[in-house]
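Biologist: Before we go through the enclosed spaces of this protein, could you put the model in front of us?

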Amino acid sequence: MPELPEVEALTDFLTEHLTGRRVARVLPVAVSVLKTYDPPPGAVEGAEVTAVRRHGKFLDVETDGGVHLVVHLARAGWLQWRDRLPDVPPRPGKGPLALRVALETGEGFDLTEAGTQKRLAVYVVRDPAEVPGIARLGPDPLAGDFTEDRFAALLRGERRQLKGALRDQSLIAGVGNAYSDEILHAARMSPFKLAATLTEEEVHRLYAALRGTLGEAVERARGVAAGRLKAEKKGGLRVHGRTGEPCPVCGDTIREVSFSDSSLQYCPTCQTGGKPLADRRLSRLLK
């Protein structure tokens, strides 16, 4: 799933490739991709792109007509830039193509989604706040006003485990499954530690890991072409997706906890005092 660093890089890429250009066509291919009907997709056609912004994991393409094309790539969605789009319009089918945006220059991009769970979402709105997922977003963890005191206030009274709290978009915007693993590893904390139990020193450590991990990932992704961002993300991960490999910090074996639709990875030595986590739903530390 694209998370804050990848969406930030896509925002930079699209800012360079879209701003000042006019949209010729918006072509929905998959029935499920459009989540709004008023304004229609055609409201973007003929408009000039004035800015591209990021809201958490949402991409926001703003036009001079006052209409926004907002995209959430979900778990298996991606954006593929094309210097020259095919002359023949795409036909609805069973392939990964969900929506195509064509510019008057002949360039454009395809939104694709792999797998059978179709969650990629496109909204055509007059105000990004009309998108429910944007309206309920928490603060951006890389924003200048996201201070340690503000972070501590968010965690105060938060009875959930750290893994779930970090992934909650209404608490903090932009962090998903992969970077929550990376942040917790950098902070040397168990994913199942309760957020409200953190000491002042632990809050400081987690805040530094949050800002540092995301900031470094953004810098790695900056300037990387859209087609190479997935590989860049995977190459920069230290524990997520690396079950069975040695921890780059201590050399212990990275372990995994599997759930019904996802999994997490962690280092027992760095994060749980050497104790493995039970690999079952609602896991607790083995005694």
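Modeller: In what follows, Ala, Val, Leu, Ile, Met, Phe, Trp, Tyr, Cys and Pro count as nonpolar, Asp, Glu, Lys and Arg as charged, and the others as polar. Please keep in mind that this is a predicted model.

Biologist: How many cavities of 30 Å³ or more does the structure hold?

Modeller: Rolling a probe the size of a water molecule over the atoms shows where empty space is left. The largest cavity holds about 40 Å³ of space, and the second largest has a volume of about 30 Å³. The number of cavities of 30 Å³ or more is two.

Biologist: Which elements give two or more residues to the lining of the largest cavity?

Modeller: The lining is made up of Pro5, Glu6, Tyr179, Ala217, Arg220, Ala221, Leu229, Glu232 and Lys233. The elements that contribute two or more of these residues are helix H1 (4–18), helix H6 (200–221) and helix H7 (229–236).

Biologist: How do the residues lining the second largest cavity divide into nonpolar, polar and charged?

Modeller: Met1, Pro2, Val7, Lys57, His72, Leu73 and Ala74 line that cavity. Because Lys counts as charged and His falls among the others, which are polar, the division is five nonpolar, one polar and one charged.

Biologist: Is His72 buried or exposed?

Modeller: His72 is found in strand E4 (residues 68–72), and its side chain reaches the backbone nitrogen of Ala74 at 3.0 Å. Leaving aside neighbours within four places in sequence, His72 is in contact with Lys57, Phe58, Leu120 and Ala121. Since buried means under 20% relative accessible area, His72, at 18% relative accessibility, counts as buried.

Conventions. Residues are numbered from 1 along each chain as its sequence is written. This is a predicted model: local features need pLDDT of at least 70, side-chain atom pairs count only at pLDDT 80 or more; totals for chains, interfaces and linings use all residues. Side-chain values use heavy atoms; hydrogens and water are left out. On a 1 Å grid over the protein atoms alone, a cavity is a set of points where a 1.4 Å probe fits but cannot get out, and a pocket is an open set with protein on both sides within 12 Å along at least five of seven lines; lining residues have an atom within 4 Å of a point. Grid points are joined across faces, edges and corners, and a volume is the space filled by probe spheres set on the points. Helices (H or I, at least four residues) and strands (E, at least two) are DSSP runs, numbered from the N terminus. Buried means under 20% relative accessible area, exposed over 50%, partly exposed in between (1.4 Å probe, protein chains only). A polar contact is a pair of N or O atoms within 3.5 Å; within protein, one must be able to donate a hydrogen and the other to accept it, and residues adjacent in sequence count only if both atoms are side-chain atoms. Contact means heavy atoms within 4.5 Å.
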